[in-house]
Amino acid sequence: MSLVVTPLQWLVDLPSRAADNLSGVLVSRTTLLSDNERLRTEALQLERKVQQNASLMAENIRLRELLDAGQRVDEPVRLVELIGVNPDPFQHEVIINHGSEDSVYDGQPVLDAGGVMGQVVSLSHYTSRVMLITDARAAIPVEVNRNGFRAIALGKGVLGELELEHVPDTADVREGDLLVTSGLGGRFPRGYPVGIVGEVVRDPGQQFVQVRARPSARLDKSRHLLLVGNKPQVKEIPAEVASE
Amino acid sequence: MSEERAGGGLIIFGTFIIGLVLSQIPMPDMLIWARPAWVVLVLIYWVMALPHRIGVGSAFLLGLVMDLVRGSVLGLNALSMTIIAFLVLVLYKRMRMFPLWQQSGLILVLVGINQLLFHWMQGITGTTSDSLLFLLPAAVSALVWPWLFLLLRNVRRLFRIA
């Protein structure tokens, strides 16, 4: 039914898209040259990292074979663009320009260059809504990258703040720890950065430690987002089994 | 006569669309709480000016579109806007007599009621907050009202919508 308002969403996005195009046209030669230079060095550095990556990946696969553990598969990723933001300050939602016609599915994880943004919560034919991880309804299973301590990060309805729930007093969580997705719960793939622990308050009067984190994705700035994963084809397997 | 009416309908429809777009345009974080309730304001104007054409039914349809655009539970905006349209239908004879600043005072109350109803119903469906910031749009709407009123009245006179 929200197909009806899709043209309206395009219309709302039109000015910012036009401004983007305009600033693409009206850019000075020196800026382009310096950008080019910077991107070239960046590409070189990333290539160096990738070189190491290949050997590390091979090593990882060998070790996993030794352990008889399952292989880690590389998830397919698709670039999408943000076309709208929910104006309601109570709901941290953005609208992206892909929908069920582009085989986006409910619950699909969304990333940006910095880390996890959120998940798809409602689909239209050509657009879909993404609930950000800071929304008051959102929760995401995480682990501390340093020691593998698992917790659940809750959104609080405040942009730029997450809270870890039910962290015992003895848990080893420090300021500056990187939180990554733990992959538990089966919704977000494992190992993507979620946030950085900003504050750990140990109050002897409280049962649990208060741990606040900053999301590492640029939730309010990114315009280009990544959709991770393919539509799960769980439903098709029983049909094949039934036909055999 | 009938042609004129149809044309007028298109203009009214256009103002609602502009209101919807204005209610969706991204705003800086500081101003996000202070966005005037554009659609409600436009609705109040048309109900006040043409109560025989724009009434509770149009308000309900408009509310449904609002729900789709905002992604809220279907019917939240529809209900609160229906109630606002009803209140204006009761009050429009008095509102037309009021000077602009007094109209603004009434807008403060009407949009406040709209925000309060919407906030309550949103609270039932799960999203809550304990601050009273959600009433800020009512104050901003009251400040915007005189200009919007004059603008829409000029539009109405220019296209002779009756």
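Is A:His166 buried or exposed, going by its C-beta neighbours inside 10 Å? The first close-up takes that up, and every view here comes from a predicted model.

**View 1. A:His166, a strand residue with a positive phi.** Here we're looking at strand S8 of chain A, where A:His166 sits. A:His166 counts as exposed because just 11 C-beta neighbours fall inside 10 Å, and 12 or fewer is what the exposed class asks for. Its phi is near 55 degrees, a positive value in a residue that isn't glycine. For background, most residues other than glycine have a negative phi. Next along the chain is A:Val167, whose bridge partner in S11(A) is A:Val209. That bridge belongs to the antiparallel pairing of S8 (residues 162-167) with S11 (residues 209-215) in chain A, which runs over 4 bridges.

**View 2. The barrel that S8 of chain A belongs to.** Zoom out from the histidine and you get 6 strands of chain A closing into a barrel, in the order S6-S7-S8-S11-S10-S9, with antiparallel pairing. From one strand to the next, the twist averages 40 degrees. Take S6 (residues 139-144) of chain A, which has a pairing to show with S7 and another with S9. With S7 (residues 150-155) of chain A, S6 pairs in the antiparallel sense over 5 bridges, and A:Ala139 has A:Leu154 as its bridge partner there. With S9 (residues 178-181) of chain A, the pairing is again antiparallel, over 3 bridges, and A:Val142 is matched with A:Thr181. Have a look at the hairpin of S6(A) and S7(A) too: it has 5 residues between the strands, and A:Gly148 in this hairpin takes a positive phi near 80 degrees.

**View 3. Another closed barrel in chain A, with a helix packed on the sheet.** This one also has 6 strands, running S1-S2-S5-S4-S3-S12 in chain A, and its pairing is antiparallel. The twist averages 45 degrees from one strand to the next. S1(A) and S2(A) are joined over 3 bridges in the antiparallel sense, with A:Leu82 finding its bridge partner in A:Ile96 of S2(A). H1(A) packs on the sheet and touches S1 and S2 of chain A; its direction makes about 85 degrees with that of S1(A).

**View 4. A:Pro89, a loop residue in contact with chain B.** A:Pro89 is in the loop between S1 and strand S2 (93-96) of chain A. Why does A:Pro89 count as partly exposed? It has 18 C-beta neighbours inside 10 Å, so it falls between the limit of 12 or fewer for exposed and that of 20 or more for buried. Setting aside neighbours within four places in sequence, A:Pro89 is in contact with B:Ile32 and B:Trp33. A:Ser124 is 35 residues away from A:Pro89 in sequence and 22 Å away in space, C-alpha to C-alpha.

**View 5. Where chain A meets chain B.** Pulling back to the whole contact, 23 residues of chain A are in contact with 19 residues of chain B. On the chain A side, helix H1 (6-25) and strand S1 (77-85) each supply at least two residues. H1(A) gives the most, with 3 residues. By type, the chain A side divides into 12 nonpolar, 6 polar and 5 charged residues.

**View 6. Nonpolar cores, with A:Val130 picked out.** The largest nonpolar core has 37 residues, and A:Val130 is one of those with the most contacts inside it, along with A:Val116, A:Met117, A:Ala153, A:Leu179 and A:Val194. Apart from that core lies another, of 33 residues, including B:Leu20, B:Ile44, B:Met66 and B:Val111. Not counting residues up to four places away in sequence, A:Val130 touches a set of residues that includes A:Val94, A:Ile96, A:Val110 and A:Met117. A:Glu93 and A:Gln119 are among its contacts as well.

**View 7. The two domains of chain A.** The domain assignment gives domain 1 (2-67) and domain 2 (76-231) in chain A. Their centres, taken over C-alpha atoms, are 20 Å apart. Each of these domains of chain A puts 7 residues into the contact. On the domain 1 side, those residues divide into 3 nonpolar, 3 polar and 1 charged.

Terms used: Residues numbered from 1 in each chain as written. Chains lettered and ligands numbered in written order. Predicted model: local features only at pLDDT ≥ 70, side-chain atom pairs only at ≥ 80, totals over all residues. Domains from an automatic or database assignment. Contact = placed C-beta atoms within 7 Å. Nonpolar A, V, L, I, M, F, W, Y, C, P; charged D, E, K, R; others polar. Pairing = 2+ DSSP bridges. Core = buried A, V, L, I, M, F, W, Y, C linked by C-beta atoms within 7 Å. Axes fitted to C-alpha atoms, helices over the stretch in contact; angles between N-to-C directions.
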